[in-house]
Amino acid sequence: MKTNKMLNAVATTVIASTALISATASAEIWGNTEVQLQAFGELERVGTGGTADTTIITFQHAGGWEYGDNFFFVDHSRYSVNDDAFFPVEDSSEFYGEWYSNFSLGAITGNDLSFGPVKDIGIVAGANFAPEVDSMWVLPGVRFSLDLPGFAFAQIDVTSYIHQGGGSASSPVFTVIDEDSSFMVDFAWAYPFKIGSTSWSIEGHLEYIDGRQQTNNFGTTELESWFLFQPQLRLDLGEVLGNKAGQLFVGIEYQYWQNKLGEDGTDDNAAQFLAVWRF
């Protein structure tokens, strides 16, 4: 039964995300698409207390065009709640997605905007979606693309973090009514390297979102500032097996999330098995 649910989740995620890819693919100069599986990890549950054995399926796409690049992902998370919760809930699942479009000022103006380690500056338009609580955040801001030795890419985004209203009575814990605006700083990177004849990479992101007030059905609460650190260590398994390199990867993803989703004292510190299929 769980296997069927997982396969259904993969199919749903892929179908929903393919429509987003088709809207931009025709204009892309480069692009890559991945399906990621993260499993065997025990993560904290916000609002309920306790932990849940968590499986995450991610559909992700990145692509570049003449004047910038786009990136989005859709997560489908399944939670098998452990017995340590002080607010019992049934096993559940949810979707979450993010989209970022970057417009290169260097490409648009034809000018060299590089200085120090910065090779280009861009204008970023981002959006985060949490359907289970009917909420969306928009993230307008600036991107600094970096030229760091050995890195496939490295970038720093500095954006606003603006809640667009919403909230859902279907939420098992609370309904978000309003939330103050805040800001985000995010460093993302990919660093490939070799060990003998094998190919590896360390990639991921480090995110800071500043604290703010939130109004929900319990009143007004303080959301703490949070740090989210999600590095992945990947081995190119397709290359090892003698198949085409750059298509199948295995490894681990480590998640450290201090004040998860702004909840004071709720911290993730866990590793999960990672499998990635790139096509």
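The following exercises, each with a worked solution, concern a predicted model.

**Exercise 1. Confidence of the model**

Determine the average pLDDT of the protein, and identify how residues 1–7 and 9–17 score.

Solution.
- Step 1. The average pLDDT over the protein is 87, and 83% of the residues reach at least 70.
- Step 2. Residues 1–7 have a pLDDT below 50, and the model gives this stretch five contacts beyond near neighbours in sequence.
- Step 3. For residues 9–17 the pLDDT likewise stays under 50. The model has 13 contacts beyond four places in sequence for residues 9–17.

**Exercise 2. The nonpolar cores**

List the residues of the largest nonpolar core and state which strands each supply at least two of them.

Solution.
- Step 1. Eleven residues make up the largest nonpolar core: Tyr-100, Val-124, Ala-130, Trp-137, Leu-139, Tyr-161, Met-184, Ile-209, Trp-226, Leu-228 and Trp-257.
- Step 2. At least two residues of this core come from each of strand S5 (118–130), strand S6 and strand S13 (226–236).
- Step 3. Another core, of six residues, lies apart from the largest one; Val-35, Phe-59, Val-74 and Trp-99 are among its members.
- Step 4. For context, nonpolar side chains tend to be buried together in soluble globular proteins.
- Step 5. Trp-257 may serve as an example of a core residue. Leaving aside residues up to four places away in sequence, Trp-257 touches Trp-226, Phe-227, Leu-228, Thr-266, Asp-267 and Asp-268.

**Exercise 3. The surroundings of Val-138**

Locate Val-138, decide whether this residue is buried, partly exposed or exposed, and name its contacts.

Solution.
- Step 1. Val-138 belongs to strand S6, which covers residues 135–146.
- Step 2. The relative accessible area of Val-138 is 24%. Buried requires under 20% and exposed requires over 50%, so a value in between is classed as partly exposed. Val-138 is therefore partly exposed.
- Step 3. Beyond four places in sequence, Val-138 touches Gly-126, Ala-127, Ser-160, Tyr-161, Ile-162 and Gln-164. One of these, Tyr-161, is also a member of the largest nonpolar core.
- Step 4. Between the C-alpha atoms of Val-138 and Ala-125 the separation is 7.6 Å, with the two residues 13 apart along the chain.

**Exercise 4. Salt bridges**

State how many salt bridges the structure holds, then analyse the pairs formed by Arg-278, Glu-203 and Glu-239.

Solution.
- Step 1. The structure holds eight salt bridges. As background, side chains of opposite charge can pair when their charged atoms come close.
- Step 2. Arg-278 pairs with Glu-34, their closest N and O atoms being 2.7 Å apart. Arg-278 is in strand S15 (residues 268–278) and Glu-34 in strand S1 (residues 30–44), so this bridge ties together parts 244 residues apart in sequence. Glu-34 is buried, at 2% relative accessible area, whereas Arg-278 is partly exposed, at 23%.
- Step 3. Glu-203 and Arg-234 form a salt bridge with an N to O distance of 3.5 Å. Because Glu-203 lies in strand S10 (residues 198–209) and Arg-234 in strand S13, the pair connects parts 31 residues apart in sequence. Both Glu-203 and Arg-234 are buried.
- Step 4. The residues of these two pairs, Glu-34, Glu-203, Arg-234 and Arg-278, are linked in a network of salt bridges.
- Step 5. Glu-239 meets Lys-194 at 3.9 Å, N to O. Helix H3 (residues 237–240) contains Glu-239 and strand S9 (residues 182–195) contains Lys-194, so this bridge ties together parts 45 residues apart in sequence. Glu-239 is partly exposed, at 26% relative accessible area, and Lys-194 counts as exposed, at 51%.

**Exercise 5. Surface patch and backbone angles**

Identify the residues of the nonpolar surface patch, and describe phi at Phe-40 and Leu-261.

Solution.
- Step 1. The patch consists of Val-240, Leu-241, Leu-248, Trp-277 and Phe-279, which together have about 500 Å² of accessible area.
- Step 2. Leu-241 sits in the loop between H3 and strand S14 (248–258), and counts as exposed at 53% relative accessibility.
- Step 3. Phe-40, a residue other than glycine, has a positive phi near 65°. Phe-40 is found in strand S1 and is exposed, with 73% relative accessibility.
- Step 4. Leu-261, also not a glycine, has a positive phi of about 55°. Leu-261 is placed in the loop between S14 and S15 and is partly exposed, at 45% relative accessibility.

Notes:
Residues numbered from 1 in each chain as written. Predicted model: local features only at pLDDT ≥ 70, side-chain atom pairs only at ≥ 80, totals over all residues. Heavy atoms only, no water. Helix = DSSP H or I, 4+ residues; strand = E, 2+ residues; numbered from the N terminus. Buried < 20%, exposed > 50% of the residue type's maximum accessible area, 1.4 Å probe, protein only. Contact = heavy atoms within 4.5 Å. Core = buried A, V, L, I, M, F, W, Y, C linked by side-chain atoms within 4.5 Å. Salt bridge = Lys/Arg side-chain N within 4 Å of Asp/Glu carboxyl O. pLDDT = per-residue confidence, 0-100. Patch = residues over 30% accessible without salt bridge, like charges linked within 9 Å, V, L, I, M, F, W, Y side chains within 5 Å. Areas by Shrake-Rupley, 256 points an atom, 1.4 Å probe, with all protein chains shown as cover.
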